[in-house]
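Thank you for making time this morning. I would like to walk you through one structure, so please keep the sequence and the model in view while I talk.

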Amino acid sequence: MAYRKVCDAQGGPLDGEGLHCSGALDLDWDLDKEELQEPGPDPDRMQMQHVDCQRSGCADPGPDPDPELMEPIQPAVSASPHGRFERLQEDPNYISHFTRTPGHKDQRRLHCFVLRYFMAGLGLFVLGVLIGWFTHTSPTKRPLVAPETTDLLEELLRGIKAEKIEALQKSFSSLSDESEESRARYLYRQWVGLGLTQVQLSNHTVLYSLPGSTPNTITDKSSHQCFLPSGVPCDQRGRNDLLKQQFAYAAYSAVGTVQGEVVDVQYGGVDELRRVKDTMNLTNRIAVVKLGRAPLLYKLSLLSQLGFGGVLLYIDPCDVPLSHHTRRQAFRVTLNPGGNPAAAGAGGNLTSLLVQPISAFLAKTLLSSSSTSQGDTCIPLAMPPTTERKKITLTVGNQLSSTKIYNVVGYLKGRRNPDRYVLVGSHHDNSQGGGAIMNQLIAALTEQTKQGWVPDRTTVFCSWGGSALGNIGSYEWGKDNSVVLQSSAVAYVSLNSPVRGTEALRATASPTLLQLTSDIQRRQLLSCIRGGNCPGPNVSALQLPGDVSFFANQLAVPTVEFAFEQTKAEETTSFLAEAQFSAESAETMDPLFKFHETIAKMTAEAILRLVSDPVLPFYPLDIALDVQNKLKDKSMVSPLLLSSASSLRDHAAFFQSETMRPANDPKERDPSHVRMLNDVLRDLEKSFIIPQTPPGVYRNLLYSIPGNSPQFSILKFSQEAVLHCSVKSNSADPEVVCRSTMNQSLSVLLRAIRSAERLVCSGLDLFENDPNDTK
């Protein structure tokens, strides 16, 4: 019972010192104690309470008052620390414990009046304090929008509009100075103005490979006819042809001149190379190769081993839609796998081959092909079997120069987990609207922070330099910060080339983010641009081109990218993105910027989920199912490998249901356990990083190489062993070499699967003694 409070009210002085034995915290404690007491009088407790009152400075209450003249004690009101208002009611037994002796009634009446005014004044004081507190705090502590609700997402998406993206793109395109430094500094000023927590502008001096002062040429020895890479005769070149040379070379190719016969190797696959090796000596020959089906760097490594001196690259017209006018266009490729080529040595030339991209029109001439399109039927380019091979001279005159590239990195700091980063990347030499979409996303997210929302994790916005010649800026920044990123980066959202066509919407994601990506794409397609003719979700885990490469391939950071393409993502043509054409402007490709708006909204939803969801939207079961799906060809794998994959699936399913599900329930969520759970989810893809792969093939095994059926890249490219057995090996038993190489690949894959399973099991052990566990 709260007798101390009553004592203060009855006999204490009216100054502040007389209130020191009362208060909100004491009141709550006394109320709790009151609930535990048995009803009825307690003389000992009354005596003790009276002593406490005297020790605390309360005045002697004087003679016992007359019950008939005793004024009822006014209720005292106090606010608890939890924001509740409690009413203290006086116990009627309290009065009976005083000694009833006659007293001075006038004095007692005076005490009653004083008590009444004191209590009224105290009530007004408390009421004024409460009103002042709420009035003062309400403007500064605005209620936050719960990220679990859809209100924040809807408000965020309403702020993303095609008109805003168009204005940002026009502002970016209108810069008088088109140098990379000028663009980077422009973005720096924009991001600072938009309110990012911190913005950094950094530079690196790197080695660039650029066209020489004279164009690269291909000369037919028999007719002495000289051609530019586009197929235009050298003596008929115009000013526009010289400008196109900027997009008609292979960066970091060897330079010089090579003479030899052209050899048609189609896509440079194992079967084609075995066929030509069996029929001729390939030393110093010049291969004519189609892009697609496999990474360019992988093809070039095989051609170099077989002794070729030069390579002409082209895109078969049958691999692109008729509306894609590339037949008379040459293009640019880079032979840089990533980072500053100066670190690779060899003077910056990254291959011994002379490499030159050419148009399909010139390839048809050099192959003496009569292939033509007949209605809807397209006949691929190929050299007729009985045709005499042309002898040509290939001249490559690229030049190397040192230059500075610039990266712009801005931070939107998180609240609960500021040391966990969601990276959002584009590049500022992007004419396809990636920079404009990035600025719109920053504007939309910072606007929400001004309304009171704070993300859980930190968003890191990155605009990279040197992307076209091998993702140099992202590699250099990633290497400089690799120690931090290994433990802090949880996802990478790519805006590498968001709108490179208007025909098909494609999403690419690692298996970790497959479910989230599918959900976002499905929701956005409900209101698709074309009205009723909406394509279904199209999500794959194919290797991604662009700056995402370092984070997916070297650090195993889960990645996602949404993009519109000119054609459907066919399995045989996905590596056509390695060709860089003189791109159409964003205004020409998407005049209303509606496609840009769609990509911006899908990307915004992915960012919001990744920075706000208490449990990262990663699903380990999707990884396990993807592993099993890639092992469908049981002829190439062992029972032990299949058993390990099945065990990984079982443990991942249990982990996802027994650990992740309770963590997603706010009533059962424990912050420290959720953080540990998220670390397990973040690190799961790291189990599938292997030490070495063929050139151009991801070290992260979860990303696929296109083909007729899903397959681990390390198993598919173990067919390289077949090539070595057939055309390179001098072993008495070449089959032993083949089996050894395949067994090594299977062993590496088995270790990766078991490593992932151990991580999942450690996560289960971590939460085994969770007091919130309901199992």
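Let me begin with a term: two strands pair if DSSP finds at least two bridges between them. Helices (H or I, at least four residues) and strands (E, at least two) are DSSP runs, numbered from the N terminus. With that in hand, strand E7 (residues 256-264) and E14 pair in the antiparallel sense over six bridges, and in this pairing Thr-257 stands opposite Thr-395 in E14. Strand E14 (residues 391-396) also pairs antiparallel with strand E4 (residues 217-220), over four bridges, where Ile-218 has Leu-394 as its bridge partner.

I should say at once that this is a predicted model, in which local features need pLDDT of at least 70 and side-chain atom pairs count only at pLDDT 80 or more, while totals for chains, interfaces and linings use all residues. Residues are numbered from 1 along each chain as its sequence is written, and side-chain values use heavy atoms, with hydrogens and water left out.

Now to a sheet of eight strands, which is open, has mixed pairing, and follows the order E3-E15-E17-E16-E18-E21-E19-E20. Its edge strands, each pairing on one side only, are strand E3 (198-210) and strand E20 (539-540). Starting from E3, we find 13 bridges joining it to strand E15 (residues 399-412) in the antiparallel sense, with Thr-205 opposite Lys-404. E15 in turn runs antiparallel to E17, joined by five bridges, and here Val-409 stands opposite Cys-462. Further along, strand E18 (residues 489-494) and strand E21 (residues 559-565) pair in the parallel sense over three bridges, with Glu-561 as the bridge partner of Ser-494.

Which strands does helix H21 touch? Helix H21 (residues 671-683) packs on the sheet against E16, E17 and E18, its direction making about 35° with that of E16. Contact here means heavy atoms within 4.5 Å, and the axes are lines fitted to C-alpha atoms, for helices over the stretch in contact, with angles running from 0 to 180 degrees between N-to-C directions. Helix H18 (residues 594-612) lies across E16, E17, E18, E19 and E21, and runs at about 170° to E21.

Let me finish with charged side chains, where a salt bridge is a side-chain nitrogen of Lys or Arg within 4 Å of a carboxyl oxygen of Asp or Glu. The structure holds 24 salt bridges. In helix H21, Asp-679 and Arg-682 lie three residues apart, about one turn of the helix, and they form a salt bridge whose closest N and O atoms are 3.3 Å apart. Both residues belong to a network of salt bridges that also links Asp-419, Arg-420, Arg-675, Asp-683 and Lys-686.

Are the partners in the salt bridge of Lys-290 and Asp-316 (2.7 Å, N to O) buried or exposed? Lys-290 counts as buried because its relative accessibility is 1%, and Asp-316 is buried too, at 0%; buried means under 20% relative accessible area, exposed over 50%, and partly exposed in between (1.4 Å probe, protein chains only). By contrast, in the salt bridge of Arg-185 and Glu-181 (3.1 Å, N to O), Arg-185 is partly exposed at 39% relative accessibility, and Glu-181 is partly exposed at 32%.
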